[in-house]
Amino acid sequence: MPKISIKGQEMPESPIRKLVPFAEAAVKKGRKIYQLNIGQPDIKTPQAALDAVRNHNIEVLSYSHSAGFDTYREKLSGYYQKTALPVEKEDIIITTGGSEALLFAMGSITDPGDEVIIPEPFYANYNGFATASGVKIRPIQASIEDGFALPPISEFEKLITEKTKAILICNPGNPTGYLYTREEVKQLADLALKHDLFIVSDEVYREFAYEGAQHHSIMSIPELSENAIMIDSVSKRYSMCGARIGCLVSKNKEVIATAMKFAQARLSPPTFAQIASEAALDTPQEYFDEVIEQYTYRRNLLVDGLEKIEGVRVAKPKGAFYCIAELPIEDADDFARWLLESFEDNNETVMVAPAAGFYSTPNTGKNQVRIAYVLKKENLERSINILDKALKEYKSLN
């Protein structure tokens, strides 16, 4: 029998989606599942985006330019310029989700065997993107004790070798919700300039900053123009995860020219999704004000509820809509599966994402879970109640 590639064998499962078969089996038993495992907002997609697709009279559903619609890139550059980022349409390549933008970035700046430094825990699919690109992740651990703040720059410097090509951050962070300060972003910029490295900044949650905190983009530092690559997406900003539209942004013309070759190889991003995404840029500020208010309320509700559960420790997020919770158990993978297979409270249970998959260091985060606070008030309250009861029962069995 022909053999599967080593790369394919090493490709990690998604810690977010690998429990889906167990969830499907639980649903077949008639159980209701509160899904805390996935960042799928229940916020309505802006009507302008939906109407743009509904009312469009397309007779031939044709390719777009490989870089995406010219009109969309022009309008998107205007969006960034409103936040004082010096982005022109020529600096933008539209991609099929932020995921493709990350793959294009890795493909453009790394060769097999090269290394990328990433603070962990990090978005789980970075592990998969690195494997697909033949890249080695050099993780540097952030700590729940200080809310997953940026580790000391001296620790980053210890990891830099001749194979180091980039530092990758997610800001605000998935799965931690940490929002980097201006000083932290500046420290990373200085380090990248000192060692001639790229900084790839995944900023898909840039709109979600709480209590008056400000998001500081890597693109806001002029002297980093040749080193900075920003990843963005409409998925979370406009609750348009299914559109699969993102972008790669860089002032470095060589990076853009190289990424364009990857973009040409996949032909073009989807047409209808670009139409919706372009229209979404007309969304008024009131929409975001209401969304931020809603997520701030949900964050406080979740964190306060988790802190009342005996033995649970949680880092309060400053952005995005996730948190990492440390549970009084040894194996979150086993607990998450048990929740779906064996536990129910009035025929209801919860689904969480084990956090070990958000680390690159083996046997790390084994007692942690990522929770997405994307559910409405009553569902979040019920989820906290179920989790409290489940932990008590699970500990009594172990």
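**Helix crossings, pockets and cavities**

Me: Helix H4 (70-82) and helix H11 (285-307) each supply at least two residues of the lining of the largest pocket. What is the volume of this pocket, and which residues lie nearest its centre?

Reply: The model is a predicted one. Its largest pocket holds about 670 Å³ of space. The lining counts 26 residues. Nearest the centre lie Tyr79, Lys82, Thr83, Arg206 and Glu207.

Me: How do the residues of that lining divide by class?

Reply: Eleven are nonpolar, nine polar and six charged. Lys, Arg and Glu count as charged, so Lys82, Arg206 and Glu207, all among the residues nearest the centre, belong to the charged class.

Me: H11 also packs on helix H13 (residues 377-397), with a crossing of roughly 15 degrees. Why is H11 called roughly parallel to H13?

Reply: Set the angle against the cut-off. Angles under 35 degrees count as roughly parallel. The axes of H11 and H13 cross at roughly 15 degrees, and therefore H11 is roughly parallel to H13. Their axes come within 10 Å. The crossing of H11 past H13 is right-handed.

Me: Which residues make this contact, and what makes up its charged share?

Reply: H11 brings Tyr297, Arg298, Leu301, Leu302, Gly305 and Leu306. H13 brings Lys377, Leu380, Glu381, Ile384 and Leu387. The division is seven nonpolar, one polar and three charged. Arg, Lys and Glu count as charged, so Arg298, Lys377 and Glu381 are the charged ones. Gly counts as polar, so Gly305 is the polar one.

Me: Helix H5 (residues 97-109) and helix H9 (residues 253-265) pack at about 120 degrees. Why is H5 called oblique to H9?

Reply: The roughly perpendicular range runs from 65 to 115 degrees, and roughly antiparallel needs over 145. An angle of about 120 degrees fits neither range, so H5 is oblique to H9. The axes lie 9 Å apart. H5 passes H9 in a right-handed crossing.

Me: Which residues of H5 and H9 meet, and how many of them are charged?

Reply: From H5 come Phe104, Gly107, Ser108 and Ile109. From H9 come Val255, Thr258, Ala259, Phe262 and Ala263. None is charged; six are nonpolar and three polar. Gly, Ser and Thr fall in the polar class, so Gly107, Ser108 and Thr258 are the polar ones.

Me: Where else does H5 contribute?

Reply: H5 gives the most to the lining of the second largest pocket, with three residues. About 490 Å³ of space lies in that pocket. H5 also provides the largest share of the lining of the second largest cavity, four residues. The second largest cavity has about 60 Å³ of space.

Me: What makes the lining of the second largest cavity nonpolar but for one residue?

Reply: Leu102, Ala105, Met106, Ile109, Thr110, Val116, Ala166, Leu168 and Val200 line the cavity. Leu, Ala, Met, Ile and Val count as nonpolar, and Thr as polar. Therefore Thr110 is the polar one, and the division is eight nonpolar, one polar and no charged.

Me: How many cavities of 30 Å³ or more are there, and which residues are closest to the centre of the largest?

Reply: There are four. The largest has a volume of about 120 Å³. Closest to its centre are Pro119, Pro121, Cys170, Thr176 and Tyr180, out of 18 lining residues. The lining divides into 14 nonpolar, three polar and one charged. Strand S3 (115-120) and strand S5 (164-170) each supply at least two of the lining residues.

Key
Residues numbered from 1 in each chain as written. Predicted model: local features only at pLDDT ≥ 70, side-chain atom pairs only at ≥ 80, totals over all residues. Heavy atoms only, no water. Axes fitted to C-alpha atoms, helices over the stretch in contact; angles between N-to-C directions. Left-handed = near helix turned anticlockwise from the far one by under 90°. Contact = heavy atoms within 4.5 Å. 1 Å grid on protein atoms, 1.4 Å probe; cavity = no way out; pocket = protein on both sides within 12 Å on 5 of 7 lines; lining within 4 Å. Points joined across faces, edges and corners; volume = space filled by probe spheres on them.
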